[in-house]
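Biologist: Hello! I am new to this structure and would like a close look at one part of it. Could you walk me through it step by step?

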Amino acid sequence: MQIAIQARGFPLTDALKNHTHTRLGFTLSHAANRIRRVGIRLSDLNGPRGGVDKRCLIEVRLDGLSTVVIEDIQTDMYLAIDRAVARTARTVMRRLEHGTSKRRQETRQQSYRDSTGL
């Protein structure tokens with residue numbers, strides 16, 4: 001699983017980079033063989049003015065399925081990362097389960113058609 005992290009509007013510290021890699025690695029490890037690339041964009045929307053403006057945008061490219069894009073905005077960057085990663089993991093799992101069950105159904109239907117000559 002390839003992970004790319006970008007920061008906009010503030011410097012990307014080693015602590016933030018390590019936290020993001022650790023959280024993503026742990027929560028998406030079960031699906032790593034189906035994930036081509038993960039892109040994370042961290043940004044401070046208001047700059048030094050403060051407020052609810054720390055954004056974490058995660059984009060996950062899956063093999064054979066549509067891309068998952070999740071965004072979370074909080075007052076704390078670590079909280080934004082944690083919440084976005086948790087939502088991303090849930091969405092990826094649903095997408096993989098749905099995609100797998102849909103492919104199984106299509107395979108069963110094709111097998112039935114082949115066996116009945118339809």
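Let us begin with Thr20: is Thr20 buried or exposed? Please take me from there to the helix around it and on to what lies about it.

Modeller: Happy to! Please keep in mind that this is a predicted model. Thr20 is buried, because its relative accessible area is 1% and buried means under 20%.

A quick map of the chain will help. There are two helices and four strands, and starting from the N terminus the elements follow the order β-α-β-β-β-α. Of the 118 residues in the chain, 32% are buried. The accessible surface of the chain is about 7200 Å², and carbon and sulfur atoms account for 49% of that surface. If we take the contacts between residues at least 6 apart in sequence, 52% of them connect residues at least 24 apart.

Now to the part you asked about. Thr20 belongs to helix α1, which covers residues 14-28. Setting aside neighbours within four places in sequence, Thr20 meets Ile5, Ile40, Leu42 and Ile81. Of these partners, Ile40 and Leu42 fall within the range of strand β2 (35-44), while Ile81 falls within the range of helix α2 (77-116).

Let us look at the helix as a whole. α1 has 15 residues, so at 1.5 Å a residue it should span 21 Å, and the 21 Å between its end C-alpha atoms agrees with that. Thr20 has buried company in α1, namely Leu16, Leu24, Thr27 and Leu28. These buried residues sit on the same side of α1, because the arc they cover around the axis is only 85°. On the face turned away from that buried side you will find the exposed residues Asp14, Thr22 and Phe26.

Between those extremes are some residues that are partly exposed. One of them is His19, also in α1, with a relative accessible area of 21%. His19 counts as partly exposed rather than buried because its 21% is not under the 20% limit. Beyond residues up to four places away in sequence, His19 touches Tyr78, Ile81 and Asp82. The C-alpha atoms of His19 and Asp82 are 9.0 Å apart, although 63 residues separate the two along the chain. Ile81 is thus a name to remember: it is in contact with Thr20 and with His19. Ala15 is another partly exposed residue, with a relative accessible area of 45%, and its place is in α1 as well. Ala15 and Tyr78 are 63 residues apart along the chain, with 9.9 Å between their C-alpha atoms.

From the helix we can move to the core. The largest nonpolar core holds 23 residues, and those with the most contacts inside it are Val38, Ile40, Cys56, Ile58, Val60 and Val92. At least two residues of this core come from each of α1, β2, β3 (54-62), β4 and α2. The largest share, eight residues, is supplied by α2.

Two of those well-connected residues deserve a visit. Val38 touches Leu24 and Leu28, and its other partners include Met1, Ile3, Ile58 and Val60. Leu24 and Leu28 are among the buried residues of α1. Cys56, in strand β3, is buried, with a relative accessible area of 0%. Its C-alpha atom is 5.7 Å from that of Ile81, 25 residues away along the chain. Apart from residues up to four places away in sequence, Cys56 touches Ile40, Arg41, Leu42, Ile70, Glu71, Asp72, Ala80, Ile81 and Ala84. Ile40, Leu42 and Ile81, which you met as partners of Thr20, are thus partners of Cys56 too.

One last stop is Asp72, a partner of Cys56. Asp72 is in strand β4 (residues 68-74), and it counts as buried because its relative accessibility is 5%. Its side chain makes a polar contact of 2.9 Å with the side chain of Gln74. With neighbours within four places in sequence left aside, the residues in contact with Asp72 include Lys54, Arg55, Arg83 and Arg87.

To return to where you began: Thr20 is buried, on the side of α1 that also carries the other buried residues of that helix.

Technical notes: Residues are numbered from 1 along each chain as its sequence is written. This is a predicted model: local features need pLDDT of at least 70, side-chain atom pairs count only at pLDDT 80 or more; totals for chains, interfaces and linings use all residues. Side-chain values use heavy atoms; hydrogens and water are left out. Buried means under 20% relative accessible area, exposed over 50%, partly exposed in between (1.4 Å probe, protein chains only). Contact means heavy atoms within 4.5 Å. A polar contact is a pair of N or O atoms within 3.5 Å; within protein, one must be able to donate a hydrogen and the other to accept it, and residues adjacent in sequence count only if both atoms are side-chain atoms. The expected span of a helix is 1.5 Å times one less than its number of residues. The arc is that of the directions from the helix axis to the C-beta atoms. A nonpolar core is a set of buried Ala, Val, Leu, Ile, Met, Phe, Trp, Tyr and Cys residues joined through side-chain atoms within 4.5 Å. Accessible areas come from the Shrake-Rupley method with a 1.4 Å probe; for residues, only the protein chains shown count as cover.
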